[in-house]
Amino acid sequence: MHELLTEFANKFHYYGYFAIMMIGLYAMIAKTNLLKKCIGLGIFQTAIMLFYVSIGAKEGAGIPILDPAVGTADPAAYANPLPQVLMLTAIVVSVATLGVALALVQNIHRDHGTIEEDEILKGLRGK
Amino acid sequence: MTAQLPILTIAPLLFGAFAVTAGRFLYRRANYALAALALAAAFFASVLLAVQTLTQGPAVYFLGGWPPPVGISYVADPLSALMLAFVSGAALATFLASKAEIETSYPLKNSAFYALFLLAVAGHMGIVITGDAFNLYVLIEVAALSGYAILAQGRERAMLASLNYLFVGSLGASLYLLGVGYLYIMTGSLNMADLSGIIGQMIPGGLSGSTALAAAWGVILAGLLVKMGLFPFHSWLPAAYSFSAAPAAALVAPLTTKVMAYVLVRMIISLFTPDIAWSVPAMNTLAVVLATAAILYGSFCALAQRSLRKMLCFILLAEVGYMVGGAFLGNRAGLTGTIYHIFADLLMTLCLFLAAANIERGTGGRFSDMGGFFRRMPVTGAALVLGAASMIGVPPFCGFFSKWYLLTGAVAAGSYAFAGALVVSSLVNAVLFFRIFEIGFFGTAASPADPADPANPAEETGHGHAEHVPFFRDEMSPVRLAPLCLVALSLVVMGLMTGQIVRLVVDPILPPGLG
Amino acid sequence: MILEIKIAMLVLVMVCAVASITIKDLLGAAVVFGTYSFMMCLLWTSMAAVDVAFTEATIGAGISTVLMIAAVFRTTRRTKD
Amino acid sequence: MKRLALFAVILAGVLFAATASEFPRLGDPDSAPSRHLSPAYIHGSKPQTATPNFVTAVLADYRGFDTMFETAVVFLAGMSCFFILRVLRRRGIAEVYYYRHRPTGVVLAMLTPRRISPRSSCFERIDADWTPQDMVVETMCLFMVPFIQVFALYVIAHGHYSPGGGFQGGVLLAASFILVGLSRDLRTVESLLTEKTAILAAAAGVCLYAGTGLLALFFGGNFLDYGAFGPFFGAAVPAARSMGILIVEIGVALTVMATLVTIYKLLSSRGTVEEGL
């Protein structure tokens, strides 16, 4: 029982990330509103970023900026900069995707008068 | 300067895109020529790189001067160099052939279209040559984001289709990113060559040695299959490609699925190595079953279509099945067939989509309006025949040889269902194209053609009046036909050069012990 | 970092995620999505990822929310789910 | 459908959770990522690039090529929104412009061919959904703008030593413009940063980045190898890399600022860039 608890305490954050990821995925699959799907996509991407950033965390480590008082003799004194750099890139990519998605949503609303996917499809079939 | 060739393949496209953007406000008339020049420069550099790689062996280019595990590297081996030449050549051909369409489909916005087009090509080329797993993700997004935008213009449903493509595409790319995260957390590296070495040391016995690495491969594979549009994840593909305007479809359709299949092959060969990538039999079987289903589904849905482009989109779905199935047969012939088919299919799809764009422009593209188009457009018709013959698998064309390798691999691996699906798909293709030939030769133009944009004065011969004159030549301008003819002829050339391609390009990159 | 605070933050992030996809008013959903991003930013600060947190605070909680609100304002607030 | 989706998602979540068993615990200093590449960056950053902020050094130098394409993605997003949304042709539809007479508050509605000069002192153009504006909000927002911009410039320039850099600074600059747009109206933003300037600035920013990379080729280095400038300008290689990082960060900031303002303008006005929120 104790081991199970330790295992959970060590891994709980991964379960949390996967839960958030699945919340986003659910929104993308099950919601019919296009803006809700955009939000779902955002949540899905952010959960993956959270996963990456957690890789870079180290116990007792400071922020990844050189502290002259500490020096670089021990790399364990600083958090791992690489995942942070990757996620900076991913955040910017996600906002770019969001911008394009919102532009498409606006145009769909202009053409069809609604942003509910089922209503759009019904309207198209009616023609 | 030869050492800098790998970056010079992409740099002209980047600078071309920015110059075109600025040119919109400065001197708009030069923009088309500028974009064409950038594409031609990229094609030229790619051909030089291919020649250099084939004669002097592979090269690794350090971006920023940092050696691989620390920095990002470009890997120019025979496979990636040849693929670069094919991708840039296909983009150049599409661009030259669809000048008129670009100008009429995107009035006042063609500068923006050129910039998006060039960056899309740069993204696809970067995907092909990069040796870094995370850089690949960024480039996938570059290629995809411009694809969403240019596919959104077109008929009424194009916006919704493009938005669905955006959701599915971003989901696929995010899954790939998650897979790279799995690899990173287990190995601490992002460079493909470095990763390959570490994985080989960690799990010499195959993926059963580590759940997390098996999951990494599974998640990456899922992401790539979603981006490729394999059978259960296919619903976005026909909609996105068939509702958009013709030049966008002619660019994105031949490139995106093929480049993603290339990434799949690259993952199998360079990142995981075939021994490890194929070490879970259930995964291989599942992939081959899905591929078989995709081939059958694509072929039979194509039978039900009533317009040329939509039919081609479903054939494209079947072709994705060919490539995925071959990659998971688990033997040398299958993988060779997949690699060869990536090149062959790029040319075939390009040829058919360009011909379809011409026919669509002349007749509207629905089967009911296409009657007798061979008489009116003999050159386009001839190119269509060549492309169709290759797609069916008639011997001197390249389509035959890829099918031959795939069939050999399927029989050697004992997956007779896949072999059967290949044969059935060939037969169905024959039925599909002979039906078009029948319409083209013997059909009569029943209804007047409706050109895509009635407000646009047709710049060739005013085909709106030519419907009832039986032998009136209504062919497109030579500028449109020349790239099409070159692509159609290259189908034969590539078929005749099969031996050399397999010897020079495929054999060197496959591990020697592969059975 | 203290484990309990981390768990609390993670739960808060999850609550914001669920709330933003269940609220039946798109403007509210957009604002809660901004809150979600901000909570995420705090979580990243706790993992010593200051640059990422800074970017998420400006891009995720700032610009994304403004763009989302602009889109809601120019389309509709109504949603069925 | 929803039940099925929920079931599938929960199943996928359980499968994902099952794969977490081999992952290192949170904050493990001996995990593979902490041991393999990160020490190289932590040790190398200061001596090789003269940049104490490891994240900036990795972002703009070690993995500068990623960042270049990331900037290209931002530019691409701006161009995509322009391509999708921008309404360029009026198609002969007469639009109504509203003008408010400042002294009396009387509003005139005029069809498009007729318009009142924007320089008119007693008429101002207003949005169709105009409401009387709160002077306190407007004044305070405009008062904040210079401070935000100075802070943004500090974030860009000080990115070597503290958290921040081109992206964050660029976003802050864009935020200052968007604040003007929210508190006043879109036309003020348009007069401060026209669409043409913004698109040119976005292209110029990426061009600055890629051009710095290309310039390195002529100094005998590889693409994006800023160290190659060092011997030519009589500077040490790390100092040259540090300068190179600053230049590309400025390019990034320019692109991000211009693109985000463009996207905001397009989204808030349905692509007409006439009437904002």
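Over residues 7–33 of chain C, the predicted model is 89% helix and 0% strand, and the C-alpha atoms at the two ends of this span are 20 Å apart. The span is one of two that UniProt, in an unreviewed entry, annotates as "transmembrane region" in chain C, the other being residues 53–73. In residues 53–73 of chain C the helical content is 100% and the strand content 0%, with the end C-alpha atoms 28 Å apart. The UniProt record also lists residues 11–76 of chain C under "domain: MrpA C-terminal/MbhD", again from an unreviewed entry. Across residues 11–76 of chain C, helix accounts for 88% and strand for 0%, and 30 Å separates the end C-alpha atoms.

The secondary structure of chain C as a whole consists of 3 helices and 0 strands, arranged along the sequence in the pattern α-α-α. Along the principal axes, the C-alpha atoms of chain C fill a box of roughly 40 × 25 × 10 Å. Within this chain, helix α2 (residues 26–46) packs against α3(C) at an angle of about 175°, and the two axes are 8 Å apart. Since angles over 145 degrees count as roughly antiparallel, α2(C) is roughly antiparallel to α3(C). The α2(C) side of this contact includes Leu26(C), Leu27(C), Phe33(C), Phe38(C), Met40(C) and Trp44(C), while Val50(C), Ala53(C), Ala57(C), Ala61(C), Ile69(C) and Val72(C) are among the residues contributed by α3(C). By class, the contact of α2(C) with α3(C) comprises 17 nonpolar, 6 polar and 1 charged residues.

Helix α3 of chain C (residues 50–74) also packs against a helix of another chain, α3(A), at an angle of about 5° and with an axis separation of 10 Å. Angles under 35 degrees count as roughly parallel, and α3(A) and α3(C) are therefore roughly parallel to each other. From α3(A), the contact draws on residues including Gln84(A), Met87(A), Leu88(A), Ile91(A), Val95(A), Leu98(A), Leu102(A) and Gln106(A); from α3(C), the residues include Asp51(C), Thr55(C), Ile59(C), Ile63(C), Leu67(C), Ala71(C) and Arg74(C). The contact of α3(A) with α3(C) divides into 14 nonpolar, 6 polar and 3 charged residues. Glu56(C), Gly60(C), Ser64(C) and Met68(C) of α3(C) take part in the contact with α3(A), and these four residues are likewise listed in the contact with α2(C).

Chain A further contacts chains D and B. The contact between chains A and D takes 42 residues from chain A and 48 residues from chain D. On the chain A side, α1 (2–30), α2 (34–56) and α3 (81–112) each supply at least two residues. The largest share of this side, 17 residues, comes from α3(A). By class, the side of chain A that touches chain D has 28 nonpolar, 10 polar and 4 charged residues. The contact between chains A and B takes 25 residues from chain A and 23 residues from chain B. The elements of chain A that give two or more residues to the side touching chain B are α2, α3 and α4 (117–126). Here too α3(A) provides the largest share, with 13 residues. The side of chain A that touches chain B is made up of 19 nonpolar, 4 polar and 2 charged residues.

In chain B, helices α11 (residues 236–243) and α14 (residues 308–327) pack at an angle of about 145°, their axes lying 9 Å apart. The crossing in which α11(B) passes α14(B) is right-handed. Leu237(B), Pro238(B), Tyr241(B) and Ser242(B) of α11(B) meet Arg309(B), Lys310(B), Cys313(B), Phe314(B) and Leu317(B) of α14(B). The residues of this contact fall into 6 nonpolar, 1 polar and 2 charged.

Chain D contains an open sheet of 3 strands in the order β2-β1-β3, with antiparallel pairing. Its edge strands are β2 (107–111) and β3 (123–126) of chain D, each of which pairs on one side only. From one strand to the next, the twist averages 35°. Strand β1 (residues 96–101) of chain D pairs with β3(D) in the antiparallel sense over 4 bridges. Glu124(D), in β3(D), is the bridge partner of Arg100(D).

Notes
Residues are numbered from 1 along each chain as its sequence is written. Chains are lettered from A and ligands numbered from 1 in the order in which they are written. This is a predicted model: local features need pLDDT of at least 70, side-chain atom pairs count only at pLDDT 80 or more; totals for chains, interfaces and linings use all residues. Axes are lines fitted to C-alpha atoms, for helices over the stretch in contact, and angles run from 0 to 180 degrees between N-to-C directions. A crossing is left-handed if the near helix is turned anticlockwise from the far one by less than a right angle, and right-handed if clockwise. Two residues are in contact if their C-beta atoms, placed from the backbone, lie within 7 Å. Ala, Val, Leu, Ile, Met, Phe, Trp, Tyr, Cys and Pro count as nonpolar, Asp, Glu, Lys and Arg as charged, and the others, Gly among them, as polar. UniProt positions are given in the numbering used here, feature names are shortened, and annotations may be inferred rather than shown by experiment. Two strands pair if DSSP finds at least two bridges between them. Angles under 35 degrees count as roughly parallel, over 145 as roughly antiparallel, 65 to 115 as roughly perpendicular and the rest as oblique.
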